[in-house]
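Reader: I'm in my first year and still learning how to read a protein model. Could you take me through one part of this one slowly, and show me how it connects to what lies around it?

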Amino acid sequence: MNNYAVLNILDFMDVTGEDSLRAALSEFSCPKNPEIEEFMQKNAIEFAKRKISITYLLIDTEGRILGIFALAHKAVRVMGRDLSGTVKKKIQRYAQMDEKTGEMTLSAFLIGQFGKNYQYPESLPVSGNQLMDAAFSILEHVQHEIGGGVVYLECEEKPKLLEFYQSEKNRFRIFGERYSEGDGIKYIQLLKMF
């Protein structure tokens, strides 16, 4: 049994008000990934209002934010030569293929931010797998309503992160990489069909 609820940030704001939400988000702490902290404190509300992405909050019975994930829908390009024949065949159901380059363009669900709140180090009651299960619960509902079947994300090239996303439970596969000039970081791109 889960000791948390999963709330859309817009619904949370409707109940508590924007000022209260901003105060709660300002306390979100993720020292392992300061980018997530910055997103929560500076962009999550505005992105949700503009429908760029919707952040979901895992809230415990005391009203504490235990973890977050942000979801969006985005076009992604995948080089077919980087994938096994089986994966390539599955993706082609959702993609348009450029016969000359082998590049496939598809509309996919993006997990844009994903992390636990370390403000409560005495007890991190939400695991990464629980956070991923909550994200896929939302995505499966959306998939049922509008279709689609591919989820992707990007993460820094860190062994523990890659191991988590590629684990037997989560089953994401690497399909490419992207180098961000702005922050000087190489991001590994992963996808999963569901």
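Author: Let's begin with a pair of side chains: in this predicted model, Asp133 and Lys169 meet in a salt bridge, with 2.7 Å from N to O. Side chains of opposite charge can pair when their charged atoms come close. What makes this pair a good place to start is that Asp133 and Lys169 are 36 residues apart and link distant parts of the chain. Asp133 belongs to helix 5, while Lys169 sits in the loop between helix 6 (159–165) and strand 7 (173–180). Asp133 is partly exposed because its relative accessibility is 39%, and Lys169 is partly exposed too, at 41%.

Now look along the helix that carries Asp133. Helix 5 covers residues 128–146, which makes 19 residues. At 1.5 Å a residue it should span 27 Å, and its end C-alpha atoms are indeed 27 Å apart, so the expected span and the model agree. Which residues of helix 5 are buried? They are Gly128, Leu131, Met132, Ala134, Ala135, Phe136 and Leu139. It helps to know that an α-helix has 3.6 residues a turn, so residues three or four places apart point the same way. With that in mind, try finding Leu131, Ala135 and Leu139 among the buried residues on your screen. Just after the helix comes Gly147, with a positive phi of about 95°.

Follow the chain onward and you come to strand 6 (residues 150–156), which runs antiparallel to strand 8 (residues 185–193) and is joined to it by 7 bridges. One example to look for is Leu153, whose bridge partner in strand 8 is Leu190.

Strand 6 also holds a cysteine, Cys155. Why is Cys155 not bonded to another cysteine? The closest cysteine sulfur, in Cys30, is 13 Å from the sulfur of Cys155, which is too far for a bond. A search of the whole structure finds 0 disulfides. Both cysteines are buried: Cys155 because its relative accessibility is 5%, and Cys30 because its relative accessible area is 4%.

Right beside Cys155 in the numbering is Glu156, which forms a salt bridge with Lys158, their closest N and O atoms being 3.7 Å apart. Are the two partners buried or exposed, or something in between? Glu156 is buried, since its relative accessible area is 18%, whereas Lys158 counts as partly exposed because its relative accessibility is 35%.

Back in the region of Lys169, you can find another charged pair. Arg171 forms a salt bridge with Glu168, and here the closest N and O atoms are 2.3 Å apart. Glu168 is exposed because its relative accessible area is 60%. Elsewhere, salt bridges that share partners join Glu18, Arg22 and Lys49 into one network. In the whole structure, a search finds 9 salt bridges.

Last, go on into strand 7. Strand 7 and strand 8 run antiparallel, joined by 7 bridges, and they form a hairpin with 4 residues between them. In the turn of that hairpin, Gly184 has a positive phi of about 65°. To find the pairing on screen, look for Tyr179, whose bridge partner in strand 8 is Lys186. In a regular strand the side chains alternate between the two faces of the sheet.

So that is the route: from Asp133 in helix 5 to Lys169 in the loop before strand 7, and on to strand 8, which is joined to strand 7 and also to strand 6.

Notes
Residues numbered from 1 in each chain as written. Predicted model: local features only at pLDDT ≥ 70, side-chain atom pairs only at ≥ 80, totals over all residues. Heavy atoms only, no water. Helix = DSSP H or I, 4+ residues; strand = E, 2+ residues; numbered from the N terminus. Expected span 1.5 Å × (residues − 1). Buried < 20%, exposed > 50% of the residue type's maximum accessible area, 1.4 Å probe, protein only. Salt bridge = Lys/Arg side-chain N within 4 Å of Asp/Glu carboxyl O. Disulfide = S-S within 2.5 Å. Pairing = 2+ DSSP bridges.
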